[in-house]
Structures are given as structure tokens and as C-alpha cells.
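Open the model in your viewer and keep the sequence panel beside it. The stops below take you from the whole chain down to single residues.

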Amino acid sequence: MNGATLKQKLLSMDISLAEVARKLNVSQQSLNQTLNAVDIKTGFIEQLSILYERPISYFFGENLQINDNSHRDNHSSFFGNTEHNVGIDAAISSERRISEEKITSLKTRIEDKDALLASKDEIIAAQKDEIENLRKTLNYLLQQK
């Protein structure tokens with residue numbers, strides 16, 4: 001699939017490219033580069049499929065009906081009541097859980113580093129004060145000589 005076709009498919013879904021970039025956590029420029037490609041990678045289309053709850057085949061031009069019986073409830077994924085999608089739903093759920101755990105871990109690491117930076121800044125300020133006091137004392141002693 002080429003980028004122009006994919007771009008038209010997204011726009012036909014009333015989705016702005018700015019929204020797609022934001023939801024994929026990429027820059028608008030990066031998204032534009034992807035959509036200007038002659039051949040779009042299947043992994044990218046898979047991300048869009050998950051993000052916008054459409055079957056991958058939707059992005060390849062197949063006209064599938066998406067109705068109340070063909071959404072993600074009851075392990076149906078997007079294809080009605082088929083059992084073969086249970087594994088896909090479990091994998092997506094597992095990936096989401098792992099991603100959430102990674103995000104939580106990264107937030108904790110950022111908070112720890114912020115605390116270390118704040119502590120470092122306090123130590124530096126205290127050392128600057130101590131150096132200034134030593135300078136004053138040294139100047140006083142030099143004047144007394």
C-alpha cells in the first residue's frame with residue numbers, strides 16, 4: 001500500500017493527520033514522511049488498525065461492514081463472533097499491560113532523577129555559600145596581616 005492511499009483512507013474516516021500523529025506519539029513531520037512513502041510498512045498499518053479499531057484489511061481497501069456485532073466485545077475483535085481472535089485480544093491486552101508497566105517504571109525513574117537533581121542543586125548552592133564565606137574569611141585575614 002502506498003502512503004497516498006493510506007492518507008485518503010484516514011481522511012475518509014474524518015481523522016486529522018495531526019490527531020494520528022498525536023495518538024501515535026510521533027511528530028507531524030515524521031507522519032508525513034511515512035505517508036509520503038511508496039510502500040507503507042505493515043506494522044504501521046497494524047498500529048492504525050489497533051488505534052482506530054479497524055481490521056487491517058480495512059486499510060487495504062476492503063469494504064467490510066463494522067457493526068455492533070463486529071467490534072471488540074466478547075473476543076470478537078473486528079470480525080464478528082470468531083474464536084480465533086481470542087489470542088489476538090489477549091496479546092494486545094498483554095502488550096498494553098506491559099506498556100503501562102513500562103510507563104509507570106519510567107515515571108518513577110524520572111521522579112527519582114528529578115529528586116536527585118533537586119538534591120544536587122541544593123548541595124551546589126550550599127557549597128557556593130561555603131566558598132563565599134571562605135573568601136570573606138580569607139580577605140579578612142589578608143587585611144589583618
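The tour starts with the overall fold, then visits a helix pair, a lysine and two loop residues.

**Stop 1: the whole chain**

Keep in mind that this is a predicted model. Colour by secondary structure. You should find 6 helices and 0 strands. Read from the N terminus, the order of elements is α-α-α-α-α-α.

Now switch on the surface. The protein exposes about 10900 Å². Carbon and sulfur atoms supply 51% of that area. Of the 145 residues in the protein, 21% are buried. Turn to contacts between residues at least 6 apart in sequence: 44% of them join residues at least 24 apart.

**Stop 2: α2 against α4**

Select residues 17-24, which form helix α2, and residues 42-51, which form helix α4. Two packed helices are described by the angle between their axes and the distance between the axes. Here the angle is about 95 degrees, and the axes are 11 Å apart. The angle falls in the 65 to 115 degree range, so α2 is roughly perpendicular to α4.

Show side chains next. On the α2 side, pick Val20, Lys23 and Leu24. They meet Phe44, Gln47, Leu48 and Leu51 in α4. What is the make-up of this contact in nonpolar, polar and charged residues? It has 5 nonpolar, 1 polar and 1 charged.

**Stop 3: Lys9**

Go to helix α1, residues 3-12, and select Lys9. Is Lys9 buried or exposed? Its relative accessible area is 17%, and buried means under 20%, so Lys9 counts as buried. Follow the side chain outward from the backbone. The Lys9 side chain reaches the backbone oxygen of Tyr58, at 3.4 Å.

**Stop 4: two residues with positive phi**

Most residues other than glycine have a negative phi. The next two selections have a positive one.

Start with Asp14, in the loop between α1 and α2. Its phi is near 60 degrees. Asp14 is exposed, with a relative accessible area of 72%.

Then jump to the loop between α4 and α5 (56-59) and select Glu53. Glu53 is not a glycine, yet its phi is positive, at about 50 degrees. How accessible is Glu53, and what is its relative accessible area? The value is 42%, so Glu53 is partly exposed, between the 20% and 50% cut-offs.

**Before you close the viewer**

Put Asp14 and Glu53 on screen together: Asp14 is exposed, whereas Glu53 is partly exposed. Then add Lys9, which is buried.

How values were computed: Residues numbered from 1 in each chain as written. Predicted model: local features only at pLDDT ≥ 70, side-chain atom pairs only at ≥ 80, totals over all residues. Heavy atoms only, no water. Helix = DSSP H or I, 4+ residues; strand = E, 2+ residues; numbered from the N terminus. Buried < 20%, exposed > 50% of the residue type's maximum accessible area, 1.4 Å probe, protein only. Polar contact = N/O pair within 3.5 Å; in protein donor to acceptor, adjacent residues only side chain to side chain. Axes fitted to C-alpha atoms, helices over the stretch in contact; angles between N-to-C directions. Parallel < 35°, antiparallel > 145°, perpendicular 65-115°, else oblique. Contact = heavy atoms within 4.5 Å. Nonpolar A, V, L, I, M, F, W, Y, C, P; charged D, E, K, R; others polar. Areas by Shrake-Rupley, 256 points an atom, 1.4 Å probe, with all protein chains shown as cover.
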